[in-house]
Amino acid sequence: MREAVREREFREYAEARQAHLRRNAYLLCGDWHLAQDLTQTTLMKLYAAWGRVRRDGNVDAYARTILTRTFIDQHRKGRWREEAVEEVPEAPEAEADAPELRLVMRSALMELPPRYRAVLVLRFWEDWSVEQTAEALRVTPGTVKSQSARGLKRLRGLVEGLVGEGSGR
């Protein structure tokens, strides 16, 4: 009986939060198929720890931590490799419209190294504190602060470059 309740609770959580986890995974890896794989891996790991996580309380934070660590671990292992292409696709034009700006921001975000990307997604998309981000990434708060600053500086430069290219400057 206890196992059936555990299964039902996890299934309800997974169904309710899967889309949110997949969006976060997409922000980290930039590919919907890989984001789905990351989400499934996250849910498998979460299921293995479900009893303990459920008792501790903050399931969403635990799931995001698993997601981020899984992304970094898989990227570090070289599972996801970029492929060279003959021609670089044109960057989208950025106007005041939110959809175009989102495309520019996403393109720029994908140009950042995985660590910077993970820090920026957790700090500014998920609105985590420096301490929460440091714990999730297993680094010091000082590292989170410096990677946030460096990542934002690089992101600004990339966005300016993409916007400049799109406007014909």
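Which helix gives the most to the lining of the second largest pocket? That's α5, with five residues. Keep in mind that this is a predicted model. A good way in is to look at how the helices pack, and then at the spaces they line: a search of the whole structure turns up one cavity of 30 Å³ or more, and the second largest pocket holds about 510 Å³ of space.

**How α1 packs against α6**

- Let's start with helix α1, which covers residues 2-29, and helix α6, which covers residues 114-125. Their axes sit 9 Å apart, at an angle of about 140°.
- Angles over 145 degrees would count as roughly antiparallel, so α1 and α6 are oblique to each other.
- As for handedness, the crossing of α1 past α6 is right-handed.
- On the α1 side, the contact is made by Asn24, Leu27, Leu28 and Cys29. Helix α6 answers with Arg117, Ala118, Val121 and Trp125.
- Sorted by class, that contact has six nonpolar residues, one polar and one charged.

**How α1 packs against α4**

- Helix α1 also packs against α4, this time at an angle of about 35° and with the axes 11 Å apart.
- Here, too, you'll find a right-handed crossing.
- From α1, the residues making this contact are Tyr13, Arg17, His20, Leu21, Asn24, Ala25, Leu28 and Cys29.
- From α4, they are Val59, Asp60, Ala63, Arg64, Leu67, Thr68 and Phe71.
- The mix in the contact of α1 with α4 is nine nonpolar, three polar and three charged residues.

**How α4 packs against α7**

- Helix α4 runs over residues 59-76, and its partner here, helix α7, over residues 130-137. Their axes cross at roughly 50° and come within 9 Å.
- That angle makes α4 oblique to α7.
- The crossing of α4 and α7 is right-handed.
- Thr65, Thr68, Arg69 and Ile72 make the contact from α4, while Glu135, Ala136 and Leu137 do so from α7.
- By class, you get three nonpolar, two polar and two charged residues in the contact of α4 with α7.

**The largest cavity**

- The largest cavity has a volume of about 50 Å³.
- Its lining is made up of Asn24, Leu28, Arg64, Leu67, Thr68, Val121, Leu122 and Glu126.
- Helices α1, α4 and α6 are the elements that give two or more residues to this lining.
- The largest share comes from α4, which puts in three residues.
- Some names should ring a bell: Asn24 and Leu28 of α1 line the cavity and also take part in the contact of α1 with α4. Val121 is another lining residue, and it belongs to the α6 side of the contact with α1.
- In terms of class, the cavity lining divides into four nonpolar, two polar and two charged residues.

**The second largest pocket**

- Around this pocket there are 15 lining residues. Leu27, Arg102, Met105, Leu109 and Trp125 are the ones nearest its centre.
- Two of those names come up in the packing as well: Leu27 of α1 and Trp125 of α6 are both part of the contact between these helices.
- Four helices each supply at least two lining residues, namely α1, α5 (98-111), α6 and α8 (141-166).
- What does the lining look like by class? It has twelve nonpolar and three charged residues, with no polar ones.

How values were computed
Residues are numbered from 1 along each chain as its sequence is written. This is a predicted model: local features need pLDDT of at least 70, side-chain atom pairs count only at pLDDT 80 or more; totals for chains, interfaces and linings use all residues. Side-chain values use heavy atoms; hydrogens and water are left out. Axes are lines fitted to C-alpha atoms, for helices over the stretch in contact, and angles run from 0 to 180 degrees between N-to-C directions. Angles under 35 degrees count as roughly parallel, over 145 as roughly antiparallel, 65 to 115 as roughly perpendicular and the rest as oblique. A crossing is left-handed if the near helix is turned anticlockwise from the far one by less than a right angle, and right-handed if clockwise. Contact means heavy atoms within 4.5 Å. Ala, Val, Leu, Ile, Met, Phe, Trp, Tyr, Cys and Pro count as nonpolar, Asp, Glu, Lys and Arg as charged, and the others, Gly among them, as polar. On a 1 Å grid over the protein atoms alone, a cavity is a set of points where a 1.4 Å probe fits but cannot get out, and a pocket is an open set with protein on both sides within 12 Å along at least five of seven lines; lining residues have an atom within 4 Å of a point. Grid points are joined across faces, edges and corners, and a volume is the space filled by probe spheres set on the points.
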